[in-house]
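Okay, thanks everyone, I'll keep this short. Let me put the structure up and walk you through a few spots I've been looking at.

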Amino acid sequence: NGDATNFHTNDKKIETDKVYTKRYEEETNMRCHIIIDKSASMYYPIVADTNNLEYNKIEFSALASAALLHILKKQRDAAGLSLYDQTQSFYAPEKSSERHYQMLVNTLEQATASKPLKAATRTYEVLHQISEQLQRRSMIFLFTDLFQSDIEASKLFEALRHLKYNK
């Protein structure tokens with residue numbers, strides 16, 4: 001019937017004497033892209049200055065991202081990562097290899113250890129750049145505090161819509 005033979009299963013053919021075609025193979029392979037804001041406001045508060053706080057915003061974002069990466073790795077799904085402050089400082093496309101996951105976790109670790117830059121964040125510009133770089137439809141996780149006083153909310157929501165409808 002013209003279907004690719006790798007989608008046919010012999011289990012159903014033995015039981016029903018008909019060729020069974022899996023139709024939703026693409027939906028089982030999820031792609032996820034994690035975007036983290038590395039602006040100076042994400043490093044607040046300084047953990048050494050507070051007694052009862054374990055993580056600041058950037059550390060929590062990295063920890064939550066590492067947990068998501070672990071889940072995605074267990075499910076053999078592809079994951080990518082973007083880091084930004086005033087510009088996009090890191091981009092890794094979605095892949096599912098073990099080496100790629102190790103590189104992403106190392107990048108998250110380096111991001112928490114680095115010192116913040118004292119520059120204005122342009123989230124809406126960077127989100128437009130990232131949405132153009134994404135090759136396929138992906139689930140997006142955005143970790144940011146949205147601390148930006150110099151832009152209007154409509155520009156930010158336009159950039160978020162661009163992420164949603166680009167692919």
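Let's start at one serine: Ser61 touches Ile36, Met42 and Phe143, leaving aside residues up to four places away in sequence. Keep in mind, by the way, that what you're seeing is a predicted model. Ser61 sits in helix α2. So is Ser61 buried or exposed? With a relative accessibility of 4%, Ser61 counts as buried, because the cut-off for that is under 20%.

The residue just before it in the numbering, Phe60, is also found in helix α2, which runs over residues 57-74. Phe60 joins Tyr55 and Leu63 in making a nonpolar patch on the surface, about 310 Å² of it.

Okay, zooming out for a second. The protein chain has 5 helices and 6 strands, and if you read along the sequence you get β-α-β-β-α-β-β-α-α-β-α. There are 167 residues in the chain, and 34% of them count as buried. Now take the contacts with a separation of 6 or more: 68% of those are between residues 24 or more positions apart. As for the outside, the accessible surface comes to about 11100 Å², with 51% belonging to carbon and sulfur atoms.

Now the inside. Which residues touch the most other members of the largest nonpolar core? That core has 18 residues, and the ones in question are Ile34, Ile36, Leu69, Ala79, Leu81, Leu104 and Leu108. At least two residues of this core come from each of β3 (31-37), α2, β4 (78-84) and α3 (98-113). There's another core lying apart from it, with 9 residues, including Ile35, Leu127, Leu156 and Ala159. As a general point, nonpolar side chains in soluble globular proteins tend to be buried together.

Ala79 is a nice one to click on. Again skipping residues up to four places away, Ala79 touches Cys32, Leu69, Leu72, Pro93, Glu94, Lys95, His100, Tyr101 and Leu104.

Last stop, Leu83, in strand β4. Leu83 is buried, with a relative accessible area of 3%. What does Leu83 touch, not counting residues up to four places away in sequence? The list is Ile36, Lys38, Gln88, Ser89, Phe90, Thr107 and Ala111. Have a look at the Lys38 pair: Leu83 and Lys38 are 45 residues apart along the chain, and their C-alpha atoms are separated by 6.4 Å. And Ile36 brings us back to where we began, since Ser61 touches Ile36 too.

Methods: Residues numbered from 1 in each chain as written. Predicted model: local features only at pLDDT ≥ 70, side-chain atom pairs only at ≥ 80, totals over all residues. Heavy atoms only, no water. Patch = residues over 30% accessible without salt bridge, like charges linked within 9 Å, V, L, I, M, F, W, Y side chains within 5 Å. Areas by Shrake-Rupley, 256 points an atom, 1.4 Å probe, with all protein chains shown as cover. Salt bridge = Lys/Arg side-chain N within 4 Å of Asp/Glu carboxyl O. Helix = DSSP H or I, 4+ residues; strand = E, 2+ residues; numbered from the N terminus. Core = buried A, V, L, I, M, F, W, Y, C linked by side-chain atoms within 4.5 Å. Buried < 20%, exposed > 50% of the residue type's maximum accessible area, 1.4 Å probe, protein only. Contact = heavy atoms within 4.5 Å.
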